[in-house]
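Open the model in your viewer and keep the sequence panel visible. The tour goes from one selection to the next and says what is there.

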Amino acid sequence: MKTKLTELLNIQYPIIQGAMAWVSDGKLAGAVSAAGGAGTIAAGGRSAQWLKEQIEVARSITDKPFGVNIMLMADNCDEIVDVVCEAKVAYATLGAGNPVPYFEKLHNAGVKVIPVIPNVKLAKRVADKGADALIIEGMEAGGHIGKLTTMALMTQVIPEVNIPVVVAGGIAEGRGLAAALVMGAAGVQMGTRFYASEECSAHINAKTRIVEATDTDTVVTGALHGHAVRGIQNQMTNKYLALEKEGVSEGELEKIVVGTSRKAPVEGDVEWGFVQAGQSLTVIKKIDTCDEIITSIVEDAKKALNGVQQYI
Ligand code: TUI
């Protein structure tokens, strides 16, 4: 499959594995890239040393291109950028903040720059400032989210920019990839589908929770205070949302969520930790290898694209 994204990143299929804090490591990124997609190591919440090690792990699995996600809210962002530049990984995705200050340094190191964007204004800005591609992430996505849906972003961002657009949020199988391509996108990013993969190092309890969950099982915490985070409903989110409704202070609410993005995938506590996941859960029926996931998505996307012809 050839698109502007496969050409930009020199990959076989236009599928990026979304970075997931405490979930996406070198083993997962290496497996996705080995299967012809683009694997992404999530540096958010991690040390520079951890990232260096994981880049080595990915390189021991594949010589194909992979990337690193730089979580711009992290305190050690500058250090992480230095590691990414030294290691010269193929690309960096940058989310949860203003990515523009890092463009020059990353480009000078030969790293492709792909910001995650929640609205048209920021999309135009990063395209003007020289981003190589951008990811539009709808509020169907797991984790920290913006306010617009994937469809609203595809409709409004794609015609406004001249760089490849990657679509994320609620995409979990082949028809989603086909739909994004028909909308004029150059590829998709999927996180949750790869969370439930064989090579994902996350705790089996968290992976099982994703496999068992269905369309209506996610909730959003923190929307009132500008830190909206989507994940699977559990005792922690019930408590959080009940207190949020009562008007409890931001500081008190923060105490409930602190550490929860680690607790589920690392410790396996899926009731008091947070399994951050997107809304398209019903189609994730079992844990597959990354190769099986990518192969079936590409096959189903081709079928869907062939089927479109009949309407002309
Ligand atoms: O970053 C994400 N998703 C994440 S980061 C993360 S780690 C975390 N865990 C718990 C609480 C908070 C964070 C989990 N999931 N997605 C990319 C994304 N970027 N979503 C929204 C944005 C974004 C928001 C504002 C991008 C740019 C932006 O710009 C603000 C500005 O400066 O104009």
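Helices here are DSSP runs of H or I with at least four residues, and strands are runs of E with at least two, both numbered from the N terminus. Axes are lines fitted to C-alpha atoms, for helices over the stretch in contact, and angles run from 0 to 180 degrees between N-to-C directions. This is a predicted model, in which local features need pLDDT of at least 70 and side-chain atom pairs count only at pLDDT 80 or more, while totals for chains, interfaces and linings use all residues. Residues are numbered from 1 along each chain as its sequence is written, and side-chain values use heavy atoms, with hydrogens and water left out.

**Helices α2, α3 and α4**

Select residues 26-34, helix α2, together with residues 48-61, helix α3: their axes cross at roughly 30 degrees and come within 8 Å. α2 is therefore roughly parallel to α3 (angles under 35 degrees count as roughly parallel, over 145 as roughly antiparallel, 65 to 115 as roughly perpendicular and the rest as oblique). The crossing of α2 and α3 is right-handed (the near helix is turned clockwise from the far one by less than a right angle; anticlockwise would be left-handed).

Keep α3 and add α4, residues 77-87. The axes of α3 and α4 come within 9 Å and cross at roughly 30 degrees. That makes this pair, too, roughly parallel, and its crossing is right-handed.

**Loops and a helix start**

Go to Trp22, in the loop between β1 (15-17) and α2. Trp22 is not a glycine, yet its phi is positive, about 70 degrees. Next select Lys88, in the loop between α4 and β4 (91-95); Lys88 is also not a glycine and has a positive phi of about 50 degrees.

Move on to helix α6, residues 120-128. At its start, a side-chain oxygen of Asn119 is within 3.4 Å of the backbone nitrogen of Lys121. After α6 comes Gly130, with a positive phi near 105 degrees.

**The ligand**

Which residues are closest to the ligand? They are Ala96, Gly97, Leu122, Glu137 and His144, out of 15 that surround the ligand (a heavy atom within 4 Å). This shell holds 8 nonpolar, 6 polar and 1 charged residues.

Now show distances to ligand nitrogen atoms. A backbone N or O atom of Ala96 lies 2.9 Å from one, and a backbone N or O atom of His144 lies 2.9 Å from a ligand nitrogen. For Glu137, a polar side-chain atom lies 3.1 Å from a ligand nitrogen.

Conventions
A polar contact is a pair of N or O atoms within 3.5 Å; within protein, one must be able to donate a hydrogen and the other to accept it, and residues adjacent in sequence count only if both atoms are side-chain atoms. Ala, Val, Leu, Ile, Met, Phe, Trp, Tyr, Cys and Pro count as nonpolar, Asp, Glu, Lys and Arg as charged, and the others, Gly among them, as polar.
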